[in-house]
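User: Please take me through one part of this model in close detail, from its ends to its surroundings. I work at the bench, so plain language suits me best.

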Amino acid sequence: MTAQSTQDFRLGSLMGLLAEMQGEYETARPRSEELYRRGLKALPGGNSRSQLYFEPFPFYVESAEAQWLHDVDGLTYLDLVNNYTSLVHGHLTDEARQAIAGQVDRGVAFGTPTENEVLLAEEIVGRMDAVDQVRFANSGTEACLYAIRAARAFTGRDDIIKAEGGYHGGFETAQVSVKHVGMDATESVVETGIHPGVAGHTHIIPFNDAETSVRIIDEVGPRSAAVIVEPMQGSAGAIRAEPGYLEAIRAATERTGCLLIFDEVMTLRLGYGGLQGEIGVYPDLTAMGKIIGGGTPVGAFGGRADIMAVADPRNRDPLMHAGTFNANPLTMAAGLHTLRALTPEAVERINGLGDELRDWINRTCHERDVPLVATGYGSVVQVHVGTATPRSFRDSAAVPKLPLHLLFLAMLGEGVFTAPNRLLMTISTAITDEDMDAIKAAFEKAFTLLTLSNFGPASS
């Protein structure tokens, strides 16, 4: 399947509409604009997370609770971003606040292990068939970094294999072929600021192309420590692995002796035991983050006991895994409360709501001849320009982004916050049936706005 190009769509009067909507946005948010201008003097881009920027400027949040965000201009939004999937229960509930406050009263950093560290580790191990042991870190980046280091220590091999478009954090090895792509889907292209020598040791496989991926793994797998892949690519566009793709990679890694790492930093919320438990494909190591911290900074890597033994300090020359805030008591308390509340029934409910929204968007856009399509799995939903479901980052990156920015602003105008620049949405357990009706009503108005601006397939 080839990606649609910009020439496949009528963009109509979208540029004029964009200017109008940005003007309305600015007028309604003078305090956010003031903070943005001040922030530009002390922070590159006005904040510390690149993906939060959008034109004309991001709004600044003052407070939040459950499914609601309140900005500094007094505007309220139904939050479908949930800090990019990490807040599985929405913003702090009274019970979560009590769990964190209780730990604050006892202390926030000790330089020693705590009971909650053991309890949270047991909770994760008890949920995940492929995780015998786990180590905590401070971010998804660290989780992937240490999973790769553990694989190198265990196998004695240096090279790594990853899928094009896969985001596994900000460290050198993983910052290859993430947002920049080469002439073909197997070319290693380092991202901005990364040493070019990294490309020679990080090999690229095309996501959802099992035949080519297996051929590359068979070729470079014998000198590679691991293949790292997301069972659903997140920042590439909430793109699901097609049936047979992960199974083929699993078999190829076993054949060549390299390990398989699943990056479930984003997808752990999609099943009681992660997405791997839902699809029935199990890796040797798993990188985790986001929901296991309950809204606090967190990362973790875990897997087979014989592999995780490389980090055991009782062993000779163990993997160096340090960190002042690893298993921080606040994180352990918040994460333990969050996972205990994320029951199989809770997962099933939010996945069902996400499936319902995704199906409704696809059906509505098809009926209205609006060239938009929703992807994802369960409680994670993303909207793309096009009529064909993207199979890879190449597909999702090949279409114009202007309609998505307009859709984002239109939804925001209706009080629904989706991820800027990518229309990512996440369903939390705080979302009600009434909220789902409000989300659909906001989309209805946004679709009408796009249609009236003559946005549609070029052939119609």
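Analyst: Happy to! A helix here is a DSSP run of H or I with at least four residues, and helices are numbered from the N terminus. Please keep in mind that this is a predicted model. I'll take helix 6 as the part to look at.

Helix 6 covers residues 140–155. With 16 residues at 1.5 Å each, the expected span is 22 Å, and the C-alpha atoms at its ends are 23 Å apart, so the two values agree. At the N-terminal end, Ser 139 acts as a cap: one of its side-chain oxygens lies 3.4 Å from the backbone nitrogen of Thr 141. At the other end, Gly 156 follows the helix with a positive phi, near 75 degrees.

Next, the buried side. The buried residues of helix 6 are Gly 140, Ala 143, Cys 144, Leu 145, Tyr 146, Ala 147, Ile 148, Ala 150 and Ala 151. Tyr 146 has a further partner: Arg 149 lies over the face of its ring, at 5.4 Å from the ring centre. The cover over the buried residues includes strand 6 (159–163), strand 8 (224–229), strand 11 (259–263), strand 12 (285–289), strand 13 (299–303) and helix 10 (305–308).

How does this fit into the nonpolar cores? In soluble globular proteins, nonpolar side chains tend to be buried together. The largest core has 83 residues, and among those touching the most other members are Phe 136, Ile 292 and Leu 407. Helix 14 (residues 402–413) gives the most to this core, with nine residues. There is also a second, separate core of 25 residues, which includes Ala 147 and Ile 148 along with Leu 259 and Val 310.

One buried polar residue is worth a stop here. Asp 284 sits in the loop between helix 9 (274–279) and strand 12, and strand 12 is part of the cover over helix 6. Asp 284 counts as buried because its relative accessible area is 7%, where the cut-off is under 20%. Its side chain reaches the backbone nitrogen of Leu 260 at 2.8 Å and makes a polar contact with the side chain of Arg 304 at 2.9 Å. Beyond its sequence neighbours up to four places away, Asp 284 touches several residues, including Ala 130, Arg 250, Leu 259 and Ile 307.

For a second view of how a helix is set in this model, take helix 11 (residues 329–341). Its 13 residues should span 18 Å at 1.5 Å a residue, and the C-alpha atoms at its ends are 19 Å apart, which agrees. Asn 328 caps the N-terminal end, with a side-chain oxygen 3.0 Å from the backbone nitrogen of Leu 330. Among the buried residues of helix 11 are Pro 329, Met 332, Leu 336 and Leu 339. Their cover includes helix 4 (94–106), helix 5 (115–127) and strand 5 (133–137). Phe 136 touches Met 332, and its other contacts include Leu 120, Ile 124, Ile 292 and His 321.

To come back to helix 6: it is capped by Ser 139 and followed by Gly 156, while its Ala 147 and Ile 148 belong to the second core.

Technical notes: Residues are numbered from 1 along each chain as its sequence is written. This is a predicted model: local features need pLDDT of at least 70, side-chain atom pairs count only at pLDDT 80 or more; totals for chains, interfaces and linings use all residues. Side-chain values use heavy atoms; hydrogens and water are left out. A charge sits over a ring if NZ of Lys or CZ of Arg is within 6 Å of the ring centre and within 35 degrees of the ring normal. Helices (H or I, at least four residues) and strands (E, at least two) are DSSP runs, numbered from the N terminus. The expected span of a helix is 1.5 Å times one less than its number of residues. Buried means under 20% relative accessible area, exposed over 50%, partly exposed in between (1.4 Å probe, protein chains only). Contact means heavy atoms within 4.5 Å. A polar contact is a pair of N or O atoms within 3.5 Å; within protein, one must be able to donate a hydrogen and the other to accept it, and residues adjacent in sequence count only if both atoms are side-chain atoms. A nonpolar core is a set of buried Ala, Val, Leu, Ile, Met, Phe, Trp, Tyr and Cys residues joined through side-chain atoms within 4.5 Å.
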